[in-house]
Amino acid sequence: IGAFYCRLSIMADICFQVSPVVDEISPSSTSSFEMLDMESVPAPYHVVQPHWFFCRRADDNTSWLPFSIEDSDKLEDAYGNADKDTVVAVDGERYDVNVKERRRYAVYWEQAPTEVRRCTWFYKGDKDTRFMPYPEDFSERLEDAYKQAVTKDEWKKKLDFPSGETVILHNPKLIMQYQPIGLQDEWVSSPSEHTRPRTVKRGVDNISVEILDGEPEKVDHLVFMVHGIGPACDLRFRSIIQCVNDFRSASLSLLASHYKRAQQEGKVGRVEFLPVNWHSALHGDATGVDEDIQRITLPSISRLRHFTNDTLLDLFFYNSPTYCQTIVDTVASEINRLHVLFKQRHPEFSGAVSVVGHSLGSLILFDMLTNQRTGSEVNTEKMSGSEHCHISIDTLEQILTRLGLQQYLATLQAENMDLESLVLCQETDLKDLGIPLGPRKKILNYVRRKWLPKVRHQKPLLLDSSPASYSNELISEIQSQLHRAQSVTSAVDYEYFDMGIGQVSIDYPQLSFHPQTFFAFGSPIGMFLTVRGLKRIDPNYTFPTCKSFYNIYHPYDPVAYRIEPMIVSEVDLEPMLIPHHKGRKRMHLELKDSLTRMGMDLKNNVLGSLRTAWQSFARLPLHISFILVPAGVCEEAEPMVSSEQTEQPEIKVGMLNGGRRIDYVLQEKPIESFNEYLFAIQSHLCYW
């Protein structure tokens with residue numbers, strides 16, 4: 001032992017002789033002492049590796065974010081030989097960067113261009129949460145001074161800038177920026193920080209910033225997302241563009257975590273989400289509706305009335321023939337424009353295309369998809385588009401067949417009646433032919449809804465319900481409509497839905513593709529169909545061009561309604577519970593279900609169910625002790641799912657979703673279950 005301590009003493013003496021402690025006083029940011037580089041040999045100079053950043057908003061010069069590694073490398077490659085027209089596609093080709101102008105332009109939506117920087121030096125104040133990049137010319141001066149200091153091993157250098165800033169290079173690991181009192185520039189965040197020094201870092205590797213690798217180049221699926229009422233989509237008053245950006249980021253994160261191996265092997269690409277904005281077109285200068293509404297708005301509670309005019313009135317606008325036409329035209333044209341632009345930028349794309357609607361946006365898509373035409377119907381219309389052809393007896397026969405009134409075809413044929421003549425008939429004319437009240441009401445209702453909306457939309461006349469009041473001009477217009485080729489759009493035809501009542505008189509435009517799936521988030525579709533007079537949806541009904549339909553909602557969403565009870569009214573079906581993204585049911589829901597099972601067991605057989613009740617309670621997750629935590633109920637526990645929970649009989653719910661279930665409910669959070677009224681509004685906006 002004595003020999004061991006002797007060796008330690010000798011080694012300590014050698015260490016003190018080799019590396020003596022040096023005390024040297026120099027100015028610093030908080031005291032007169034300075035951290036010193038203890039290395040006797042200066043490190044060689046290495047060229048700093050630049051990384052490209054972009055400003056997220058044009059009106060905020062402090063919101064800087066890094067490009068992905070892939071995009072930054074592409075920009076750096078183009079930097080060396082960039083000319084005026086050098087453009088690099090970034091962020092999944094949703095943006096274009098003009099390298100020479102240092103500007104980032106949005107491709108698919110309207111957005112002011114933002115600044116782009118090739119960044120090498122960064123700074124951060126005491127109150128800043130992240131490092132900010134210096135302008136490129138400022139960074140170049142810092143790099144030149146740093147290179148000279150490293151090469152000559154001359155530190156404690158003071159670098160003054162014309163704008164008043166002073167940067168002191170104390171040593172390679174301590175570089176500070178000092179602001180003079182009274183300086184006002186774009187970097188100053190508050191007057192109290194004028195004299196506070198800022199930490200300066202060289203290279204993106206020395207700052208704490210998350211830089212993604214980049215998005216998969218291959219796009220497997222394209223999804224268009226249509227917003228609901230108002231210009232904001234969530235409680236943070238973010239636009240549809242910002243919300244869809246976060247939705248896309250969440251999708252990429254889930255793909256990376258759940259399909260990591262498939263992505264690495266190139267079997268899975270990514271899903272592209274594009275926002276569809278219709279609110280700005282409705283409330284823009286073209287319609288003038290905002291100005292008209294403002295003239296009749298009361299001056300009291302101005303903020304609340306402004307909110308109502310900007311959001312809630314969209315529901316009334318959609319039930320107005322004039323503004324509903326503007327909305328559906330805007331949605332369809334915007335979707336088609338985005339689809340064409342996407343195909344131009346991704347000519348190799350061969351995946352499926354789907355649509356998503358939130359709130360009122362889901363109702364817009366539902367009505368639009370209801371009125372789409374198949375390829376054969378469109379081709380038939382195009383073939384007859386240049387001909388003036390009367391509606392034949394065969395067409396009249398098809399109409400009567402659809403209405404279930406084939407037995408009256410002979411009666412009408414005996415009077416040489418065709419569809420053109422039928423439009424001009426009054427109810428008394430059909431009564432004279434011996435057609436009962438019910439059938440003649442159906443016939444007249446169908447004909448007027450099929451043809452008069454076109455005339456009413458083109459000529460804003462006040463129409464009486466009786467054909468006897470039609471003017472000669474109106475009759476001529478109806479006749480000309482019958483002779484024209486049938487329009488590519490039509491009013492909502494709810495004969496498909498086993499009911500003869502439809503939406504307002506709208507010409508629904510056609511999409512340039514057939515959607516694979518329609519997702520409705522927080523949708524009022526069921527309510528709107530009901531108040532239109534629809535009691536049930538024909539189980540055999542399907543969208544003409546869309547194969548699948550999913551109605552997804554939060555259980556506390558006050559705007560959401562179910563669809564399945566309108567199809568299968570004789571069976572009480574619980575909605576399908578959407579699993580947590582980690583593949584389980586949340587802990588408080590599992591506890592609730594288990595206690596319910598135990599209570600039912602005790603109720604059914606009080607004396608003989610003790611063993612069954614205990615088994616029911618034993619099906620709870622093993623780590624139930626983790627339910628209560630200091631913050632509340634733990635929602636991260638993983639419950640054990642028994643076989644009887646997973647085995648459910650297959651239920652066929654009509655053909656609207658190909659026989660699959662339609663209604664899917666999200667799992668509420670534990671804190672939301674404490675007071676469902678408190679989180680009602682938030683629940684309607686939680687889908688983003």
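**View 1. Leu 312 in helix α8 of the predicted model.** Leu 312 belongs to helix α8, which spans residues 302–318. The model is predicted, not experimental. With a relative accessible area of 37%, Leu 312 counts as partly exposed, because that class lies between the limits of 20% for buried and 50% for exposed residues. Leu 312 joins Ile 301, Leu 304 and Phe 307 in a nonpolar patch on the surface. Together, these four residues offer about 380 Å² of accessible area.

**View 2. The open sheet that runs from β8 to β9.** This sheet has 6 strands, in the order β8-β7-β12-β11-β10-β9. Their pairing is antiparallel. The edges are taken by β8 (132–133) and β9 (157–160). Each of these edge strands has a single partner strand, so one side of each is without a neighbour in the sheet.

**View 3. The pairing of β10 with β11.** Strand β10 covers residues 166–171, and strand β11 covers residues 174–178. The two strands are joined by 5 bridges and pair in the antiparallel sense. Across from Ile 168 stands Met 176, a residue of β11.

**View 4. Helix α3 across the sheet.** Helix α3, made of residues 136–152, lies across five strands: β7 (121–124), β9, β10, β11 and β12 (198–202). Relative to β9, helix α3 runs at about 160°.

**View 5. The surroundings of Trp 121 in strand β7.** Trp 121 is part of strand β7. Its relative accessible area is 1%, so Trp 121 is buried, the limit for that class being under 20%. Leaving aside neighbours within four places in sequence, the residues in contact with Trp 121 include Met 132, Pro 133 and Tyr 134. Ser 139, Leu 142, Glu 143 and Tyr 146 are also among its contacts, as are Ile 175, Val 200, Lys 201 and Arg 202. Between Trp 121 and Met 132 there are 8.5 Å from C-alpha to C-alpha, and the two are 11 residues apart in sequence.

**View 6. The protein as a whole, for orientation.** The protein has 688 residues, of which 44% are buried. It contains 23 helices and 21 strands. Of the contacts between residues at least 6 apart in sequence, 66% join residues at least 24 apart. The accessible surface comes to about 37600 Å², and carbon and sulfur atoms account for 55% of that area.

Terms used
Residues are numbered from 1 along each chain as its sequence is written. This is a predicted model: local features need pLDDT of at least 70, side-chain atom pairs count only at pLDDT 80 or more; totals for chains, interfaces and linings use all residues. Side-chain values use heavy atoms; hydrogens and water are left out. Patches are made of residues with over 30% relative accessible area and no salt bridge: like charges are joined within 9 Å, nonpolar side chains (Val, Leu, Ile, Met, Phe, Trp, Tyr) within 5 Å. Accessible areas come from the Shrake-Rupley method with a 1.4 Å probe; for residues, only the protein chains shown count as cover. A salt bridge is a side-chain nitrogen of Lys or Arg within 4 Å of a carboxyl oxygen of Asp or Glu. Helices (H or I, at least four residues) and strands (E, at least two) are DSSP runs, numbered from the N terminus. Buried means under 20% relative accessible area, exposed over 50%, partly exposed in between (1.4 Å probe, protein chains only). Two strands pair if DSSP finds at least two bridges between them. Contact means heavy atoms within 4.5 Å. Axes are lines fitted to C-alpha atoms, for helices over the stretch in contact, and angles run from 0 to 180 degrees between N-to-C directions.
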